[in-house]
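Student: Got a minute to go through this one with me? I'd like to start with the overall fold.

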Amino acid sequence: RDRSVKTSVRQKLFFGSLALIIVACGATVGWLEPQLRVLLQEQVEGELKRIAFATRDLILEGDNQTPPLNITTSTLAEQIGASTDLRVTVVASDGQVLADSDVSQEALSSLEPHDDRPEVVAAQRDGYGSAMRYSTTVGQEFLYVAVPYEATSSRGTVRVARSLEQVDEITNRLWTLLALAGLIGLSLAALLSALASSVISRAIRRVIDYAESVTDGESSRAD
């Protein structure tokens with residue numbers, strides 16, 4: 001009977017501690033996932049913003065040269081897109097797409113006007129715009145950043161975008177590392193919990209034994 005009581009106490013302590021550890025790990029992971037994704041998206045947006053302003057500066061620099069540099073917006077978008085692995089788009093003030101690093105020059109005329117895109121509208125209104133949405137042109141979800149430009153001969157919007165699939169890939173890799181670390185931590189925590197429950201159960205057993213011995217002693221004196 002003593003052994004069964006001791007085992008029962010030890011099991012309750014162990015499984016109770018293990019349940020608390022699992023709940024704590026689940027809560028931590030649930031809180032960490034959105035925080036991690038927001039952090040990655042902020043980093044991506046900062047990168048896109050820098051590239052967008054740099055692209056605008058190149059357009060203005062080429063237009064202001066005397067004579068103007070002999071480089072088209074399509075060539076510029078293609079070169080920057082290829083070197084940064086980003087999607088670079090140049091939109092005219094009337095919404096016509098002048099260049100897109102992911103779309104051939106021949107296919108540009110078939111694209112619908114982009115002047116109603118949220119990031120383009122915000123860029124023209126506030127000087128900077130950003131948005132996340134699914135692109136029907138290339139069939140992927142993108143994070144977009146846009147800035148306006150006003151050259152001597154033209155004005156419009158420079159837009160730079162990165163596929164959120166890349167953010168998902170980074171998140172998944174980090175999740176793999178977190179999962180491995182969590183499994184190792186959970187195993188160590190379970191081991192420590194088992195040791196702790198064993199120690200606590202022995203202490204409880206000693207208290208019970210002492211109480212029983214006191215009770216037995218009082219009963220003997222009463223007899």
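**Fold and a hairpin**

Tutor: Sure: along the sequence the pattern runs α-α-β-β-α-β-β-β-α, with helices (H or I, at least four residues) and strands (E, at least two) taken as DSSP runs numbered from the N terminus. This is a predicted model, where local features need pLDDT of at least 70, side-chain atom pairs count only at pLDDT 80 or more, and totals for chains, interfaces and linings use all residues. Residues are numbered from 1 along each chain as its sequence is written, and side-chain values use heavy atoms, with hydrogens and water left out.

Student: How many helices and strands is that?

Tutor: Four helices and five strands.

Student: In what sense do β1 and β2 pair?

Tutor: Antiparallel: β1 (residues 87-92) and β2 (residues 97-100) share three bridges; pairing takes at least two bridges found by DSSP. One of the partnerships links threonine 89 to aspartate 100 in β2.

Student: And what's in the turn of that hairpin?

Tutor: Four residues lie between the two strands, and glycine 95 in the turn has a positive phi of about 95°.

Student: Switching topic: is leucine 76 buried or exposed?

Tutor: Leucine 76 counts as buried because its relative accessibility is 11%. Buried means under 20% relative accessible area, exposed over 50%, partly exposed in between (1.4 Å probe, protein chains only).

Student: Where does leucine 76 sit?

Tutor: In helix α2, residues 73-84. Its C-alpha is 8.9 Å from that of valine 88, 12 residues away along the chain.

Student: What share of the protein is buried?

Tutor: Buried residues make up 30% of the 223.
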